[in-house]
Amino acid sequence: PLAERWNDLERLNKERELIGIYLSAHPLDEYEIVLEHVCNTKMIELADRSALETRDITMGGIVVGVRQGISKKGSPYGIARVEDYSGSAELAFFGQDWINFQNYMQEGRFLFMRAKCQPKQWNVNEMEIKVGSIELLSDVKEKLIEKITITIPLPSLNTALVTDLASIIQSSPGN
């Protein structure tokens, strides 16, 4: 039947819903370079908080679910399920953190987060993942990939290599 074509994310979500896996691609494929080379923590690693203790964490993924509510004390909170290639994890935001970050927490958003694994404020024996900043993965990709650094061992450096590199750079200057 004649119907409007689904966008890539919608098509991939339908594949996953029907088959249980992403079949033709993964929604994060566009950001693979950032997730693999900039992020130092995968979502699956967030389960073992003791291994992350006092570490600065950079992580990224797609928001696949959000729950929000009001605490017993009347403060807002939200819990976002974020997924990357390794799996998914829930990140909790309470009070002012939820107010600051709730606009990022929408299903289908691609996020890059900086966090710290630290003792909970009211129970120092338990560790929590405290997100300090959030950016869109698309913005991070644009900012981070603005130059390429090539490292060549000095013994390998010769006139032919320099000439080849110069011609490649001239034929593909980029931005």
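Aspartate 97 and lysine 130 form a salt bridge in which the closest N and O atoms are 2.4 Å apart. Because aspartate 97 belongs to helix H4 (residues 96-101) and lysine 130 to strand E5 (residues 127-136), the pair ties together parts that are 33 residues apart in sequence. Aspartate 97 is buried, with a relative accessible area of 19%, a value that falls under the 20% limit for that class. Lysine 130 counts as partly exposed at 32% relative accessibility. These values, like the others in this report, come from a predicted model.

**Salt bridges**

The count for the structure comes to 7 salt bridges. Three of them are set out below, each with the separation of its closest N and O atoms.

| Salt bridge | Closest N and O atoms |
|---|---|
| Aspartate 97 with lysine 130 | 2.4 Å |
| Lysine 143 with glutamate 135 | 2.4 Å |
| Arginine 81 with glutamate 90 | 3.5 Å |

The pair of arginine 81 and glutamate 90, at 3.5 Å, meets the criterion of a side-chain nitrogen within 4 Å of a carboxyl oxygen. Arginine 81 is partly exposed, with 31% relative accessibility, and glutamate 90 is also classed as partly exposed, with a relative accessible area of 35%. Both residues belong to a network of salt bridges that links Arg67, Arg81 and Glu90.

**Cysteines**

A disulfide is a covalent bond between the sulfur atoms of two cysteines. The structure holds 0 disulfides. Cysteine 39 takes part in none, and its nearest cysteine sulfur, that of cysteine 117, is 16 Å away. Why does the sulfur of cysteine 117 form no bond with that of cysteine 39? The closest cysteine sulfur to that of cysteine 117 is the one in cysteine 39, and the separation of 16 Å is too far for a bond; the cut-off for a disulfide is 2.5 Å between the sulfur atoms. As to accessibility, cysteine 39 counts as buried at 12%, and cysteine 117 counts as buried at 1%.

**Nonpolar surface patch**

On the surface, a nonpolar patch is formed by Ile148, Ile150, Ile152, Leu154, Leu157 and Val162. Together these residues have about 610 Å² of accessible area. One of them, isoleucine 148, is located in the loop between helix H5 (137-144) and helix H6 (159-171). Is isoleucine 148 buried or exposed? Isoleucine 148 is exposed, its relative accessible area being 74%, a value over the 50% limit for that class.

Technical notes
Residues numbered from 1 in each chain as written. Predicted model: local features only at pLDDT ≥ 70, side-chain atom pairs only at ≥ 80, totals over all residues. Heavy atoms only, no water. Buried < 20%, exposed > 50% of the residue type's maximum accessible area, 1.4 Å probe, protein only. Helix = DSSP H or I, 4+ residues; strand = E, 2+ residues; numbered from the N terminus. Patch = residues over 30% accessible without salt bridge, like charges linked within 9 Å, V, L, I, M, F, W, Y side chains within 5 Å. Areas by Shrake-Rupley, 256 points an atom, 1.4 Å probe, with all protein chains shown as cover.
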